[in-house]
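Work through the exercises below with the sequence and the model open. Each task is followed by a solution in steps.

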Amino acid sequence: MKNTRKGLLVGIVAVVVAAFFLSGANEIFTLEAIKSQHAQFQLWWQESPWTVAGGFLLIYVVMAALSLPGAVLLTLLGGALFGFWTGLLLVSFASTIGATLAAVLARTLLRDSLETRFSRQLMRINAGVEREGAFYLFTLRLIPIFPFFVINLVMGLTRMRLRTFYWVSQLGMLPGTAVFVNAGRELGSLSSLSGILSPTLILSFALIGVFPWLARALVALLKRRRLASQFDRPTRFDRDIVVIGGGSAGLVASYIAAAVRARVTLVEREKMGGDCLNTGCVPSKALIRAAKSVKEVRHASRFGIEVDEPRINFARVMGYVQDAIREVEPHDSPERYRGLGVDVIKGEATLIDPWRVRIGERELTTRHVIIASGARPRIPPLPGIDDITVLTSDNLWQLGALPERLVVLGGGPIGCELGQSFARLGSKVSLVEMGDQLLPREDADIADLVRTGLSDDGVKLHLSTRALRVVAYGGTEGCHCLEVEIDEDGATRKASIEFDELLVAIGRQANVEGMGLEALGVATRPNGTLDVDGALQSVLPNVWACGDVVGPYQLTHASAHQAWHATVNALFGEFKRFTVSYRALPAVTFSDPEVARVGLNEREALEQGVAYEVTRYDLAELDRAIADGNQQGVIKVLTVPGKDRILGATIAGTGAGEMLAEFTLAMTRGIGLNKLLGTIHPYPTYSESVKAAAGVWKNAHKPEWLLGWLARYFEWRRGGNQ
């Protein structure tokens with residue numbers, strides 16, 4: 001029924017548009033035709049003012065609704081025929097009603113199909129509408145370089161409410177409408193439409209175009225004034241920026257501010273370097289490397305090398321982990337950053353008001369504050385969990401002995417990486433995941449490769465399993481068990497998993513407490529992260545945030561990416577602001593096989609309604625992988641249907657994180673698969689797989705019709721059929 005109504009509407013529109021052109025009506029709406037009939041129009045207006053006004057209004061509405069040419073000339077005619085005020089009233093309402101109907105037609109006839117084909121472009125426009133609200137459309141209406149009919153159609157494809165579209169269009173088009181209606185009063189003296197564009201008119205349009213930025217600046221000024229009325233704003237400031245948190249985001253923010261000679265103070269309450277250096281990236285990768293060497297020894301016989309079963313000295317393994325931390329530590333040390341011009345203070349920072357920060361007994365005034373306080377492991381509210389000491393990515397590194405039985409709660413990147421490493425080192429590892437696959441953000445086939453890798457290393461996987469409670473048999477020490485509920489084929493059963501240590505890896509909770517943010521009205525999202533806009537500005541105009549405390553990607557390089565935006569926007573936002581883009585943000589899970597991804601995967605493309613083609617290349621076909629005995633893995637590239645533009649790439653296999661960089665660069669710089677195929681790659685390397693994947697895409701899109709003609713051509717050159 002819906003398709004029938006849509007088909008009927010398409011038919012009506014097509015008939016009206018065809019009639020417009022076939023009847024020659026388009027020839028009426030020329031400057032010469034309107035000028036020649038001007039006297040006749042005046043006579044009709046004097047004889048039947050209501051009929052002429054109503055007819056003019058109806059014709060204008062229909063032409064605007066169907067995006068037919070002639071709206072500018074009708075606007076001129078409105079000024080010439082009705083005078084300025086009556087003409088302005090008629091044209092303003094007619095153009096707005098017509099624009100709204102055009103948006104309705106676009107929304108009804110085109111949105112379903114175009115949302116799939118141009119989903120990423122529409123997603124950006126919808127994000128602008130959501131972020132700026134009515135001001136987004138208001139800006140477009142006031143800038144004459146955007147044709148109004150294009151705005152009507154494009155905004156009709158968005159999720160903006162029609163009521164909002166109507167009143168913003170009425171207000172936003174009014175200045176331009178007034179200019180053209182006024183010009184129409186001089187219709188008799190115009191020889192061409194270019195005659196409208198006098199220097200005065202051009203200046204008027206320029207001022208109209210500048211108005212949105214003036215309005216934005218005025219809104220920002222009013223926000224600052226309102227903020228200043230609530231608090232006592234200092235007349236002078238000690239600092240340009242105070243950064244709270246010395247992790248990845250805080251360090252980058254401080255470095256950038258100092259590099260442009262701003263006065264910056266960095267406050268850290270514990271250790272510089274944050275989670276990445278002390279409890280996250282560096283120690284986990286050191287542990288993964290140690291565990292990988294165990295696997296290499298165990299499988300050396302496949303290369304003809306006979307060795308005994310490796311003996312694990314867990315104390316020395318953890319010593320290696322601590323050595324790695326100590327070697328990297330100087331890169332993030334207070335001494336290094338003081339040498340760069342950053343005032344580094346150890347202590348707790350609390351915002352007294354938006355411009356005053358207390359650190360112990362010291363109080364600083366600052367023009368801007370950047371919150372980079374990071375996050376901590378989330379502990380689930382399981383009954384009995386408080387009766388034992390659980391392991392997290394924070395305290396894991398103080399383990400003195402290898403757990404004989406380890407239960408890992410959570411099948412995300414941290415759970416997979418650490419669970420596999422401990423299994424290789426000799427622990428009996430059971431991994432419990434509530435979902436039906438590991439790495440829930442990844443495609444199912446990619447997650448299956450990781451599942452096989454963990455199983456081969458001895459990890460016992462409990463998928464579709466929900467933890468119910470923790471039972472401690474002997475206090476905080478000794479044997480415990482985790483009671484779980486397992487879903488199997490639509491039925492559920494309960495079971496117990498015994499363990500000596502429980503490692504919780506179900507995600508991280510943003511550190512938002514204790515800084516005075518609640519009292520100042522800085523809001524948090526439902527997931528606990530700080531609520532900021534696309535430029536990373538909070539509800540307080542001079543308070544910004546970046547890194548894990550904001551999300552949505554709690555990754556070191558994501559934090560650094562955000563820190564650049566937060567710092568530059570804070571220092572220079574009066575001139576230009578930069579919105580954070582995550583379109584080409586890479587992410588790597590350092591399991592075996594590694595999983596590396598940038599952009600969309602199939603799961604996300606389907607969820608967002610993005611049309612795509614997928615190209616696969618199995619690493620089992622790569623010469624270097626065969627020589628190394630690392631054939632397990634695949635490259636998946638998503639592209640725009642029929643084109644080589646990359647929407648996303650996922651790699652599972654040895655060295656996936658290193659290979660991903662080429663796809664990340666390609667997406668960042670708009671390089672397609674054709675150019676990757678034309679790039680020379682050294683042989684034999686894993687990077688060749690990127691070129692090979694591009695070759696698979698090219699082979700699937702070869703011009704068969706041209707190849708057919710070439711076959712005939714070569715046959716002719718050979719002298720015809722033999």
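## Surface and setup

The chain has an accessible surface of about 36,500 Å², and 57% of this belongs to carbon and sulfur atoms; areas come from the Shrake-Rupley method with a 1.4 Å probe, and for residues only the protein chains shown count as cover. The model is predicted: local features need pLDDT of at least 70, side-chain atom pairs count only at pLDDT 80 or more, and totals for chains, interfaces and linings use all residues. Residues are numbered from 1 along each chain as its sequence is written, and side-chain values use heavy atoms, with hydrogens and water left out.

## Exercise 1: the chain as a whole

Task: State how many helices and strands the chain has, and what percentage of its residues count as buried.

Solution.
- Step 1. The chain holds 28 helices and 21 strands; these are DSSP runs numbered from the N terminus (helices H or I, at least four residues; strands E, at least two).
- Step 2. Buried residues make up 47% of the 722 in the chain. The class is set by relative accessible area: buried under 20%, exposed over 50%, partly exposed in between (1.4 Å probe, protein chains only).
- Step 3. Of the contacts between residues at least 6 apart in sequence, 66% join residues at least 24 apart; a contact means heavy atoms within 4.5 Å.

## Exercise 2: helix H14

Task: Compare the span of helix H14 with the expected one, then find which of its residues are buried and what covers them.

Solution.
- Step 1. H14 takes in residues 248-259, 12 residues in number, and at 1.5 Å a residue it should span 16 Å. The expected span is 1.5 Å times one less than the number of residues. The end C-alpha atoms are 16 Å apart, in agreement with this.
- Step 2. 9 of the 12 residues are buried, leaving H14 mostly covered. They are Ser248, Ala249, Gly250, Leu251, Ala253, Ser254, Ile256, Ala257 and Ala258.
- Step 3. The cover over these buried residues includes strand E1 (239-244), strand E2 (264-268), helix H15 (274-278), helix H18 (334-339), strand E6 (362-371) and helix H22 (556-572).
- Step 4. Just after H14, Arg261 has a positive phi of about 70 degrees.

## Exercise 3: the partners of strand E6

Task: Decide whether E5 runs parallel or antiparallel to E6, and place E6 among its other partners.

Solution.
- Step 1. Two strands pair if DSSP finds at least two bridges between them. E5 (residues 356-359) is joined to E6 by 4 bridges and runs antiparallel; Arg356 has Thr365 as its bridge partner.
- Step 2. The hairpin of E5 and E6 has 2 residues between the strands, and Gly360 takes a positive phi near 65 degrees there.
- Step 3. E1 pairs with E6 in the parallel sense over 5 bridges, with Arg239 opposite Thr366.
- Step 4. E16 (residues 543-545) is also parallel to E6, over 3 bridges, and Ala545 in E16 is the bridge partner of Ile371.
- Step 5. 7 of the 10 residues of E6 are buried, so the strand is largely enclosed by the rest of the structure.

## Exercise 4: strand E8 and its unit

Task: Identify the handedness of the unit made by E8, H19 and E9, and list strand pairings of E8.

Solution.
- Step 1. E8 pairs with E9 (residues 428-432) in the parallel sense over 5 bridges; Leu409 stands opposite Val432.
- Step 2. With helix H19 (residues 413-425), the two strands make a right-handed β-α-β unit. Right-handed means that, with the strands pointing away from the viewer, the path from the first strand over the helix to the second runs clockwise.
- Step 3. E8 also runs parallel to E14 (residues 501-504), joined by 4 bridges, where Val408 has Leu503 as its partner.
- Step 4. Because 4 of the 5 residues of E8 (residues 405-409) are buried, the strand is largely enclosed by the rest of the structure.

## Exercise 5: salt bridges

Task: Find which residue forms a salt bridge with Arg424, and whether Arg424 is buried or exposed.

Solution.
- Step 1. A salt bridge is a side-chain nitrogen of Lys or Arg within 4 Å of a carboxyl oxygen of Asp or Glu. The count comes to 29.
- Step 2. Arg424 pairs with Asp592, the closest N and O atoms being 2.6 Å apart. Arg424 lies in H19 and Asp592 in the loop between strand E17 (586-589) and strand E18 (594-599), so the pair ties together parts 168 residues apart in sequence.
- Step 3. Arg424 is buried at 4% relative accessibility, whereas Asp592 is partly exposed at 23%.
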